[in-house]
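Reader: I am new to this structure. Please pick one part, go through it closely, and then place it in its surroundings.

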Amino acid sequence: MSERPVQLPLPNFDAARAEWRQAYDDQIGQDREVRNRSGVEIKPLYTAADWNDGRYMEELGFPGQVPMTRGIYPTMHRGRTWSQRQLIGFGTPDDYNQRFRKILDAGANASNLAPCNSFFRGFDCDEVDPALLGTCGTVVNTVADMEACYQGVDIGAISMGMNDPEPFTLTAMLLAMAKRQGVPWSRITGTSNQSDYLSHFIANHMFLRLSLPGARRLLLDHIEFCRGEVPGWNPVSVIGQHMQQGGANPAEAMGLTLSTAIQYAADCVERGMDPNRFLPRFTFFFDISISFFEELAKFRAGRRIWQRIVRERFGATEPKAWRFKFHAQTSGVDLTQQQPLNNVARATVQAMAGIFGGLQSLHTDSYDEALNAPTEAAARVAVATQNILCEEAHLTDVIDPLGGSFYVESLTDEMEARIEEVIARIDAAGGMYLAAEAGLPQTIMGQSAIAHQDRIENGEETVVGVNKYCLEGAAEPVTAERPQAEAMAAYIADFQRFKDDRDGAAVDRALDDLARAAAAAPGTAGRNTFAKAVAAAEAGVTHGEICACLRRELGVGQPLVVA
Amino acid sequence: MSQPPKILVTKIGFDGHDRGSRIVAAYLRDAGMEVVYTGPWQSIDDVVTLATQEDVDVIGVSSLATDHLLLPKLMDALRAADLGHIKVVVGGIVPDADAESLASAGVARVFHPGSTREDIVGDVGDLAREARAGNAVA
């Protein structure tokens, strides 16, 4: 096959189009208006009039080259496929270890440790109602717990994602563990997947009850420390997933996420960091809804906008700093409790949208995630879904295989325009930090959440098994796996023993150091709060103790809920 | 009922995901009910205090993680505060075994995923009327 030269304008195009339009109108009668979730009006047909090769270099270019639309690496999935990063977490550290090793055997190749919800909120296991412990994530309070989680795993050999909210105790404990095991930090790779404090404040309210200025400080300390000491670690993951699961439509979620990333980058610059040094370690984490074309266009548009932002606003000159690296998770909101096996089909379509969107890392939801934390059987199917998409379906043979589609390119442009509108709104509010304090992103999310639910309630949006094709008596039994009470009681007893046995003076010194660092002006040499958190983890200080110390020094905070 | 039903929509425990509770609050308001919305992170004591101050008919608790496991404690606390007439409903992910134990603890209704606007607004309105009648008798 030889390449054909692009010939524009096309002879007979207008006449043929008019003829088709007439035939279409005659046959369809009253056409329906179609809009995607972001509000883009979708036409019945896209042609060279909507997008053509004449704009190829300006809008697409080549993979790994500006404007990055086709992907951030020259080889993309043909060279290296994505990380299969299944988020798991349940029960005690021993429970996690057993499950994690099983999914490694099943084909996963990266870790994503989900801690218990009590951990997100800054508590140790002995500060909370034991009925809730380990029900939605693993209870991890100490460096010893972290060691139990990764017993028998070479932590220098796999990507160690941590679903680690501020104050990044999981990462601190990982680094402390690496030190104990003699694994140099230069071999530790992975991501602090929950580092986006603004998305926690705005959207899912899973944070340690710290004030917003305090949270801002902790992220910068974390980035600064990791850039200096842990070169293969991504300290930032900006989380569109929280925005979209919270109700933002895909364009809004992308816009709010890019605005958040702009805020973090600006804060890093103000701290004196070099964009060419910190931007290569910025990563993103997105939701993938079932709106297939909209989602893949969202990712392609996001990639194009981000490279423009980092070059134009931040003057980044290193190509590595222009890369829009992202992890994505198939949408939980789109899953149904009714006829739960249908969710395998949903996760497959969602995952394909992410793959065609050029993701670097993927979590496919288990089919039972609308019912409970994944059971083992369901988690296995989720991993197998990834294996099938990655190795059976030939999706990875061609880079950006939908690029050049009239529809996909036109939709990418339309999504780009809507995303830019959101960024402009947040810019006008003074940036994401001030916008969040004023409740603007909360309002955007809230309005779109209700609009989407309205469309389901009135049947405009079909949800199979919920508002259409419902089966009488088809309700599946909803069961839940709960941690074994005896194992959890034994864990809590071990935790008490750990606290009794540690060197109390060393713990006090480490906490004093942490408090002094937090009290010092941000950026003061030798007063990095994350460096002190790592030292505290090494000394046996617990997660809850680290959080309490930081709240004392930096102030207590609450989410701002707009409803 | 002379006054519109008054509903407290809240979240207890650790979870902060509130998309569902925000939507339900908006739908109840649209149906003419008075809604007191707290957002997440409430303690049992917070909820009891607010229910007393606001004199609500129904407390709606959203539970997407496992926070509904705390509901029997809320029911005890309401009875102890002489607020036994208030109807408590929960919406979200509630496994079948838990739904049974919540019912025996006195929780009036569990709304599972897929519950429609119509179901929720209708049932909550009915429960509010029952609660107010019960309170008048007491």
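Author: One definition is needed to begin with: two strands pair if DSSP finds at least two bridges between them, and a strand is itself a DSSP run of type E with at least two residues. The model is predicted.

The part chosen is strand S3 of chain B, which covers residues 58–63. A residue is called buried here if 20 or more other C-beta atoms lie within 10 Å of its own. By that count 6 of the 6 residues of S3(B) are buried, so the strand is largely enclosed by the rest of the structure. In a regular strand, side chains alternate between the two faces of the sheet. In S3(B), one side carries B:Val58, B:Gly60 and B:Ser62, while B:Ile59, B:Val61 and B:Ser63 are on the other. Both faces are covered, since the residues on either side are all buried.

Next come the neighbours of S3(B) within the sheet. Strands of a sheet pair through backbone hydrogen bonds, and the pairing can be parallel or antiparallel. S1(B) runs parallel to S3(B), and 4 bridges join the two. Within that pairing, B:Gly60 of S3(B) stands opposite B:Val9. S4(B) also runs parallel to S3(B), with 6 bridges between them. There B:Ser63 has B:Gly92 of S4(B) as its bridge partner. B:Gly60 and B:Ser63 were both listed above among the buried residues of S3(B).

The whole sheet has 5 strands, is open, and follows the order S2-S1-S3-S4-S5 in chain B, with parallel pairing. Strand S2 (34–37) and strand S5 (109–111) of chain B stand at the edges; each has a single partner strand, so one side of each lacks a neighbour in the sheet. From one strand to the next, the twist averages 20 degrees. At the S5(B) edge, strand S4 (residues 87–92) is joined to S5(B) by 3 bridges, and these two strands run parallel. B:Val89 has its bridge partner in S5(B), namely B:Arg109.

A helix lies over part of this sheet. Helix H2 of chain B (residues 44–54) lies across S1, S2 and S3 of chain B, and runs at about 160 degrees to S1(B). S3(B) is thus among the strands that H2(B) crosses.

From the sheet, the view can be widened to the side of chain B that faces the other chain. In all, 28 residues of chain B are in contact with 34 residues of chain A. Helix H1 (19–30) and helix H4 (96–104) of chain B each supply at least two residues of that side. H1(B) provides the largest share, 5 residues. By type, the residues of the side of chain B that touches chain A divide into 12 nonpolar, 8 polar and 8 charged.

H1(B) is worth a separate look. Its 12 residues, at 1.5 Å a residue, should span 16 Å, and its end C-alpha atoms are 17 Å apart, which agrees. Of these 12 residues, 10 are buried, so H1(B), like the strand discussed above, is largely enclosed by the rest of the structure. The buried residues include B:Arg19, B:Arg22, B:Ile23 and B:Tyr27. Just after the helix, B:Gly32 takes a positive phi of about 95 degrees.

Across the boundary, H1 of chain B meets helix H18 of chain A. The buried residues of H18(A) pack against H1 of chain B, together with helix H8 (197–204), helix H10 (240–245), helix H11 (250–270) and helix H17 (432–438) of chain A. Among these buried residues are A:Leu440, A:Ile444, A:Met445 and A:His452. The 18 residues of H18(A), residues 440–457, should span 26 Å at 1.5 Å a residue; the end C-alpha atoms are 26 Å apart, which agrees. A:Gly459 follows this helix with a positive phi near 85 degrees.

Chain A as a whole has 22 helices and 9 strands. Its radius of gyration is 24 Å, close to the 24 Å that the globule rule gives for 563 residues, so chain A is as compact as a globular protein of that length. Chain A also holds an open sheet of 5 strands, in the order S1-S9-S8-S7-S6, with parallel pairing.

Conventions:
Residues numbered from 1 in each chain as written. Chains lettered and ligands numbered in written order. Predicted model: local features only at pLDDT ≥ 70, side-chain atom pairs only at ≥ 80, totals over all residues. Contact = placed C-beta atoms within 7 Å. Nonpolar A, V, L, I, M, F, W, Y, C, P; charged D, E, K, R; others polar. Axes fitted to C-alpha atoms, helices over the stretch in contact; angles between N-to-C directions. Rg over C-alpha atoms; globule rule 2.2 N^0.38 Å. Expected span 1.5 Å × (residues − 1).
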